[in-house]
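Let's take a walk through a protein together. Keep the picture open beside the text and find each spot as we get to it.

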Amino acid sequence: MQNLIKALQIFLKYGNPEFPTICEHDTLYITEIHPSKVSEEDKKELKELGFHINETLDQFYSFKYGSA
């Protein structure tokens, strides 16, 4: 839980959307926080926390925190 909270705090630096996540097919997506706006340092930390960038959808996702 601590790593998920840490990741969400990083995302919060780049926006506070009303509906920040979508969970689909065991994947957690972060909506409305575009990777192009996130610093390289934060992208590196997010990757260590289990978040990756979907280039096609231009959003972050994680299999680590998705639904089961």
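Before we start, here is how to read one handy label: a residue is buried when its relative accessible area is under 20%, exposed when it is over 50%, and partly exposed in between (1.4 Å probe, protein chains only). This is a predicted model, so local features need pLDDT of at least 70 and side-chain atom pairs count only at pLDDT 80 or more, while totals for chains, interfaces and linings use all residues. Residues are numbered from 1 along each chain as its sequence is written, and side-chain values use heavy atoms, with hydrogens and water left out.

Try the label on Asp-58, which sits in the loop between β3 (52-54) and β4. Its relative accessibility is 33%, so Asp-58 counts as partly exposed. The names of helices and strands come from DSSP runs, numbered from the N terminus: helices are H or I with at least four residues, strands are E with at least two. Asp-58 also has a positive phi, near 55°, even though it is a residue other than glycine. Asp-26 has a positive phi too, about 65°, and is not a glycine either. You'll find Asp-26 in the loop between β1 (21-24) and β2, and at 40% relative accessibility it counts as partly exposed.

Now step from Asp-58 to Gln-59, in strand β4 (residues 59-62). Is Gln-59 buried or exposed? With 15% relative accessibility, Gln-59 counts as buried. Contact here means heavy atoms within 4.5 Å. Not counting residues up to four places away in sequence, Gln-59 touches Tyr-29, Ile-30, Thr-31, Pro-35, His-52, Ile-53 and Asn-54.

Next, the helices. Two packed helices are described by the angle between their axes and the distance between the axes. Here α1 and α2 pack at an angle of about 155°, and their axes are 10 Å apart. The axes are lines fitted to C-alpha atoms, for helices over the stretch in contact, and angles run from 0 to 180 degrees between N-to-C directions. How does that angle translate into words? Angles under 35 degrees count as roughly parallel, over 145 as roughly antiparallel, 65 to 115 as roughly perpendicular, and the rest as oblique. So α1 and α2 are roughly antiparallel to each other. Where they meet, Lys-6, Ala-7, Ile-10 and Phe-11 come from α1, and Asp-42, Glu-45 and Leu-46 come from α2.

Let's zoom in on one residue from each side, starting with Ile-10 in helix α1. Its relative accessibility is 6%, so Ile-10 counts as buried. Leaving aside neighbours within four places in sequence, Ile-10 is in contact with Asp-42, Glu-45, Leu-46 and Leu-49. Ile-10 and Leu-46 are 36 residues apart along the chain, yet their C-alpha atoms are separated by 7.8 Å.

On the other side is Asp-42, in helix α2 (residues 40-48). At 4% relative accessibility, Asp-42 counts as buried. What do the side chains of Asp-42 and Lys-13 share? They are joined by a polar contact of 2.8 Å, and another, of 2.5 Å, links the side chains of Asp-42 and Tyr-14. (A polar contact is a pair of N or O atoms within 3.5 Å; within protein, one must be able to donate a hydrogen and the other to accept it, and residues adjacent in sequence count only if both atoms are side-chain atoms.)

Ile-10 also belongs to the largest nonpolar core, which has 12 residues in all, including Ala-7, Phe-11, Leu-28, Ile-30, Leu-46 and Leu-49. α1 (2-12) and β2 (27-30) each supply at least two residues of this core, and α1 gives the most, with 3 residues. A nonpolar core is a set of buried Ala, Val, Leu, Ile, Met, Phe, Trp, Tyr and Cys residues joined through side-chain atoms within 4.5 Å. In soluble globular proteins, nonpolar side chains tend to be buried together.

Our last stop is Gly-66, in the segment after β4. At 25% relative accessibility, Gly-66 counts as partly exposed. Apart from neighbours within four places in sequence, Gly-66 is in contact with Cys-23, Asp-26, Thr-27 and Leu-28. Cys-23 is found in strand β1 and, at 42% relative accessibility, counts as partly exposed.
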